[in-house]
Amino acid sequence: MNQLSSVKQKSISSFNKLQKRIRHNTGKAIADFNMIEDGDKVMVCLSGGKDSYTMLDVLLHMQKVAPITFSIIAVNLDQKQPGFPEHVLPEYLTQLGVDFEVVEEDTYSIVIDKIPEGKTTCSLCSRLRRGILYKTATRLQATKIALGHHRDDMIETLFLNMFNGGQLKSMPPKLVSDDGKQMVIRPLAYCAEQDIASYSQHLAFPIIPCNLCGSQENLQRKVIKGMLQDWQQRFPGRIESMAKALQNVVPSHLADSSQFDFMGLKTQSKPFENGDIGFDPPELPSQDLAHNHEATAVVITNL
């Protein structure tokens, strides 16, 4: 075997592991939160970015192998941004044989009119886009609206809400819209952005840039992203730990009296679940157990 052939085989093997990981994480998120049920019509919101392309690709695979039957319709919102390549998504989706619809709404003019020059337009643009997508889902009789937000988006949103909104709040993997009529799901909730970026690059999705409107990037989110990336480089595994924390909330150790009855808290003669362990000796893992745990983590990471 020559060197070129060996490199090619390693590349194929690496992609196969990546694809398996993304499919596994997506399938687990769907199962954990009961995102898709038998008979659902899933409206996949396709922006033309790496995340939504990956989501559509994985859901099409799930549609073939899942023990339930559900339909997919891809929807793109053409917001009439100058330079938007209108032909890209229809050509791509037609080639895939996917049912799709392009919704044309000139939100660009509204955003430019309402937002001062130089300010980020992302917030207003997002709200307008969401409203249009909800109406489209109703018209198409879609039972689920699938968005391409991933694990890193959820963690970034957690910090944005803490730093700027004073709330311990993130993006949930599944939620009901404000009017109670739409069910929104995020199938990539367990997927890492780096995995999605690598997957998208390997499959050469026809990416449409998000900056066609000339808006500044959401600077606050950019700062949070940089902070998290720095942490991950200096402390590998921190992102995974924070993602796990989103599913391991202990209300009795926070300070929200609407989530835990602090007023009615009493002492008792028997052990108290989630009580303070200050009077108990700390349970530290032995060196062997710690080593085994580290080895296991490496194996899981390399699946």
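How many of the eight residues of S2 are buried? Seven of them are, so strand S2 (71-78) is mostly covered, where buried means under 20% relative accessible area with a 1.4 Å probe and protein chains only. This is a predicted model, in which local features need pLDDT of at least 70, side-chain atom pairs count only at pLDDT 80 or more, and totals for chains, interfaces and linings use all residues. Residues are numbered from 1 along each chain as its sequence is written, and side-chain values use heavy atoms, leaving out hydrogens and water.

Helices (H or I, at least four residues) and strands (E, at least two) are DSSP runs, numbered from the N terminus. S2 has a parallel partner in S1, joined by five bridges, and strands count as paired if DSSP finds at least two bridges between them. Within this pairing, Cys45 has Val75 of S2 as its bridge partner. S2 also pairs in parallel with strand S3 (residues 100-104), again over five bridges, and here Asn76 sits opposite Val102.

Now for the packing. The largest nonpolar core (buried Ala, Val, Leu, Ile, Met, Phe, Trp, Tyr and Cys residues joined through side-chain atoms within 4.5 Å) has 38 residues, and Ile36, Val44 and Leu59 touch the most other members. Elements supplying at least two residues each include S1, S2 and H3, while H2 gives the largest share, seven residues. Beyond its neighbours within four places in sequence, Leu59 is in contact (heavy atoms within 4.5 Å) with residues including Ile30, Phe70 and Pro187. A second, separate core of 15 residues includes Leu133 and Leu140.

Notes: Buried < 20%, exposed > 50% of the residue type's maximum accessible area, 1.4 Å probe, protein only.
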